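Subject: Structure for you to look at

Hello,

Here is the structure I promised to pass on. Please open it first, then read my notes below.

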Amino acid sequence: MYDSRDTYSIPQEELETTRVLRRWHFRDKIPARLVLYFLSWSGFLVSFMMRNDMNFALVAIYPNDYTNQNITNTSHTISGGGTEDQTTIVKSVIISSFYWCYVLSQVAGGVATQFFGTKCVFGWSQLATALCSLLIPLAVELNYIAVIVLRSIQGFASGLTWPAMYAIVGYWIPLTERSRFMSSFQGFSIGIGLTYPLCGFILSQFGWQYIFYTTGTLGVGWCLLWYLLAFNTPREHPRITKEELNYIELNVSKEGTNTKLKVPWPQIFKSLPAWAIAITTFGRIFLHYIFIVNGPTFMGNVLKFNFETNGFLSGMPFICSYFSSVLFCYIADKFILYKVLNLTNVRKLFTALSQIIPGILIYCIGYVDNIHLLLSIWFIAVIFITASYAGAMANIIDLAPNYGHSAAVLAFCQTIHMSASFISPLTAGFIVTQEDSIDQWRRVFGVGAVISLLTYVVYQIFGTAEIQSWNIKLPKIDHSDEETEIFPKSNREFNTISEPM
């Protein structure tokens, strides 16, 4: 992502005239921004492994068909002798409890980040999620209510991570690198893709308890790396080179990162661009969760794939989507750097790619008879969804890059658009009463396509990359020589209003 060579063009007058000679270290060749990218990528990877492990383990913990208990000899029944229908309901509540609390914690994440910083909020939220994973086997032995409580805590803690990570981007990442850094958030795609085969292997070889011991241990180990390597601002980093520090401070707004102001919640709630991001992302997530949650059911019951093939085909598109997100974000950064399009139109272009193309493709899936063509369309749709990370998702930071307010904007948007994470499965469950009925699946795909396309129209009309008036930097009060403020200047250049695409 970053060029490790000393190729940054920095005006010499901005550099310190005297330097203390020190011994060369290998870490000097590893930019601190690259380390932050790795921490973000791996953090979301581990987070989504801890989120999705329950989907596999529930098959063994509370099996609907008790003739399949040969999967593991530690299966449990619902207390009180639950019927198959009751077992299905309990499993649905356990899964959904994560997302209810996840949505509720978004604003709390933005507020907490303002007070405690990204290092504290992201780190402690990951640790809480990991500890809950380690405790789930014990909770299963007690009662399914205890499992629901732990999953609710995990959901609330995980909801804090996104606003926290968005806030740190404004301190560390220059505008022309921002889209590429956003691809680190796609670590969750690798997490989803790896969880399917890993949990299947652990389940068959060791038992369902070791799924949670594995993901929980990975989470705790990641927290140790985060504690040692993550810092809220470049100035706090003890190992950053002076060259990189100067490069960041020249290209990132100084006033915006060094000043703390009260979060303008009323202005955020009334911001049409913020609403546009929330609404269009709701459509994208609604569509995405059809692939994530309902995809394996469709492949198993309509396409008639066996478990192994289903698991492989369910996981591979998400692993591939990470690499596609890196490509999309790289192209977006080049468009910005070379001024191919202004910043607003870059965001709209990649948001369109993430919703219009997948929306059309998912509608076509229900009418394709050739299995190879259908799977190709399926893969392409999932891959294009990731273009959003160079579009609407990156647009959140464009609106409020100063004072750490991007975390609050993300919290507002996430509260709205992450509701699609449970509305989408509920909608599919309401429509599909016969899981092998292609006609019912066509209706699900049609609803997803319409929602994806219509919500994008809102973003096309009201979306912008201009810094909002409530986030404009305060005027400088010192009398030092005028400095070159590359970030605001770039934003003004890229946000010049032009005809809609």
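Below is what turned up, starting with the whole protein and moving on to single sites.

**Overall**

Keep in mind that this is a predicted model. The protein has 21 helices and 0 strands. It runs to 501 residues, and 57% of them are buried. About 21800 Å² is exposed. Carbon and sulfur atoms supply 65% of that area. Now take the contacts between residues at least 6 apart in sequence: 85% of them join residues at least 24 apart.

**H1 and H6**

Start with helix H1, residues 32-61, and helix H6, residues 161-172. Their axes come within 12 Å and cross at roughly 170°. An angle over 145 degrees counts as roughly antiparallel, so H1 and H6 are roughly antiparallel to each other. From H1, the residues in this contact are Ala 32, Arg 33, Leu 36, Ser 40, Phe 44, Phe 48 and Arg 51. H6 brings Thr 161, Trp 162, Met 165, Ile 168 and Trp 172. By type, that contact has 8 nonpolar, 2 polar and 2 charged residues.

**Salt bridges**

The whole structure contains 6 salt bridges. Which residues does Arg 33 link up with in a network of salt bridges? The partners are Glu 177 and Glu 244.

Take Glu 177 first. Its salt bridge with Arg 33 has the closest N and O atoms 3.0 Å apart. Glu 177 sits in helix H7 (residues 175-182) and Arg 33 in H1, so the pair ties together parts 144 residues apart in sequence. Both Glu 177 and Arg 33 are buried.

Next comes Glu 244. Its side chain meets that of Arg 33 in a salt bridge of 2.6 Å, N to O. Glu 244 belongs to helix H10 (residues 242-251) and Arg 33 to H1, so this pair ties together parts 211 residues apart in sequence. Glu 244 is buried, as is Arg 33.

One of the other salt bridges joins Arg 347 and Asp 398, with the closest N and O atoms 2.7 Å apart. Arg 347 is in helix H15 and Asp 398 in helix H17 (residues 392-399), so the link ties together parts 51 residues apart in sequence. Arg 347 and Asp 398 are both buried.

**H10**

Back to the helix that holds Glu 244. In H10, 8 of the 10 residues are buried, so the helix is largely enclosed by the rest of the structure. The buried residues include Leu 245, Tyr 247, Ile 248 and Leu 250. Glu 249 and Asn 251 are buried too.

**Tyr 102**

Tyr 102 lies in helix H2, residues 84-104. Is Tyr 102 buried or exposed? Its relative accessible area is 1%. Buried means under 20%, so Tyr 102 counts as buried. Beyond its neighbours within four places in sequence, Tyr 102 contacts Arg 51, Gly 155, Phe 156, Ser 158, Gly 159, Trp 162, Gln 414 and Met 418. Two of these names appeared earlier: Arg 51 is in H1 and Trp 162 is in H6. Tyr 102 and Ser 152 are 50 residues apart in sequence, yet their C-alpha atoms are 7.9 Å apart.

**Lys 339**

One backbone angle to look at last. Most residues other than glycine have a negative phi. Lys 339 is not a glycine, but its phi is positive, about 55°. Lys 339 is in the loop between helix H14 (307-337) and helix H15 (343-365).

Best wishes

How values were computed:
Residues numbered from 1 in each chain as written. Predicted model: local features only at pLDDT ≥ 70, side-chain atom pairs only at ≥ 80, totals over all residues. Heavy atoms only, no water. Helix = DSSP H or I, 4+ residues; strand = E, 2+ residues; numbered from the N terminus. Axes fitted to C-alpha atoms, helices over the stretch in contact; angles between N-to-C directions. Parallel < 35°, antiparallel > 145°, perpendicular 65-115°, else oblique. Contact = heavy atoms within 4.5 Å. Nonpolar A, V, L, I, M, F, W, Y, C, P; charged D, E, K, R; others polar. Buried < 20%, exposed > 50% of the residue type's maximum accessible area, 1.4 Å probe, protein only. Areas by Shrake-Rupley, 256 points an atom, 1.4 Å probe, with all protein chains shown as cover. Salt bridge = Lys/Arg side-chain N within 4 Å of Asp/Glu carboxyl O.
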